[in-house]
Amino acid sequence: MDQVRLRPSARRSFCEWKGEAEYFDVEGSAAGWIRNALWRYPRPEAEASVIAGWFAAYPSLLRCVVAGEPVRAQAGGFYGGWITNELVGPFKGEPGSGHW
């Protein structure tokens, strides 16, 4: 397996349930640095403490796979959801799904 390199990004976002997220760039083998491809909540709110330090990946930027199946990115660009063939929508981010 190739070694993956990360570098911290200046980007931050805030979720009212989880707190502040920090982002990371990923060095791709052919693509160079992929900006803001990963994020995590280093100090999430108490109710979300179980996710502290775990990384999440945007499948629109990286190749992400579940049980051998490549996932599709959740629509909208903002969301990091992973959609596989067994999941049925609608999904937030699709046209007409605002303000859920």
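These are my notebook entries on the strands, salt bridges and surface patch of a predicted model.

**Entry 1, the sheet**

I began with the overall strand arrangement and found an open sheet of four strands, ordered E1-E2-E3-E4, with antiparallel pairing. Strand E1, covering 6-15, and strand E4 stand at the edges, and because each has a single partner strand, one side of each is left without a neighbour in the sheet. I also looked up the twist, which averages 40° from one strand to the next. As a reminder to myself, strands of a sheet pair through backbone hydrogen bonds, either parallel or antiparallel.

**Entry 2, strand pairs**

I then took the pairing of E2 with E3, where strand E2 spans residues 19-28 and strand E3 spans residues 32-40, and I noted that six bridges join these antiparallel strands. The two form a hairpin, with three residues between them. To fix the register I looked up residues that face each other across this pair: Val26 stands opposite Ile34 in E3, and Glu27 stands opposite Trp33 in E3.

On the next pairing, E3 runs antiparallel to strand E4, residues 55-57, and three bridges join them. Here I recorded that Trp39 stands opposite Ala56 in E4.

**Entry 3, salt bridges**

How many salt bridges does the model hold? The count comes to three, and I went through them one at a time, noting for each partner how far the solvent reaches it.

In the pair of Arg5 and Glu27, the side chains meet in a salt bridge at 2.7 Å, N to O. Arg5 lies in the segment before E1 and Glu27 in strand E2, so this pair ties together parts that are 22 residues apart in sequence. Arg5 has 44% relative accessibility and counts as partly exposed, and Glu27, at 33%, also counts as partly exposed. I noted again that Glu27 is the residue standing opposite Trp33 in E3.

The side chains of Arg7 and Asp25 meet in a salt bridge at 2.9 Å, N to O. Since Arg7 lies in strand E1 and Asp25 in strand E2, the pair ties together parts that are 18 residues apart in sequence. Is Asp25 buried or exposed? Asp25 is buried, with a relative accessible area of 3%, whereas its partner Arg7 counts as partly exposed at 33% relative accessibility. The cut-off I relied on here is that buried means under 20% relative accessible area.

Glu22 forms a salt bridge with Arg40, and the closest N and O atoms are 2.5 Å apart. This pair links distant parts of the chain, with Glu22 in strand E2 and Arg40 in strand E3, 18 residues apart. Glu22 has a relative accessible area of 15% and is therefore buried, while Arg40 counts as partly exposed at 23% relative accessibility.

**Entry 4, the nonpolar patch**

Last, I asked which residues make the nonpolar surface patch. Val4, Leu6 and Phe55 make it, and its area is about 270 Å². I placed Leu6 in strand E1, where Leu6 is partly exposed with a relative accessible area of 37%. From the earlier entry I recalled that E1 stands at an edge of the sheet, as does E4, and that the range of E4 is residues 55-57.

Note on methods. Residues are numbered from 1 along each chain as its sequence is written. This is a predicted model: local features need pLDDT of at least 70, side-chain atom pairs count only at pLDDT 80 or more; totals for chains, interfaces and linings use all residues. Side-chain values use heavy atoms; hydrogens and water are left out. Two strands pair if DSSP finds at least two bridges between them. Axes are lines fitted to C-alpha atoms, for helices over the stretch in contact, and angles run from 0 to 180 degrees between N-to-C directions. Buried means under 20% relative accessible area, exposed over 50%, partly exposed in between (1.4 Å probe, protein chains only). Patches are made of residues with over 30% relative accessible area and no salt bridge: like charges are joined within 9 Å, nonpolar side chains (Val, Leu, Ile, Met, Phe, Trp, Tyr) within 5 Å. Accessible areas come from the Shrake-Rupley method with a 1.4 Å probe; for residues, only the protein chains shown count as cover.
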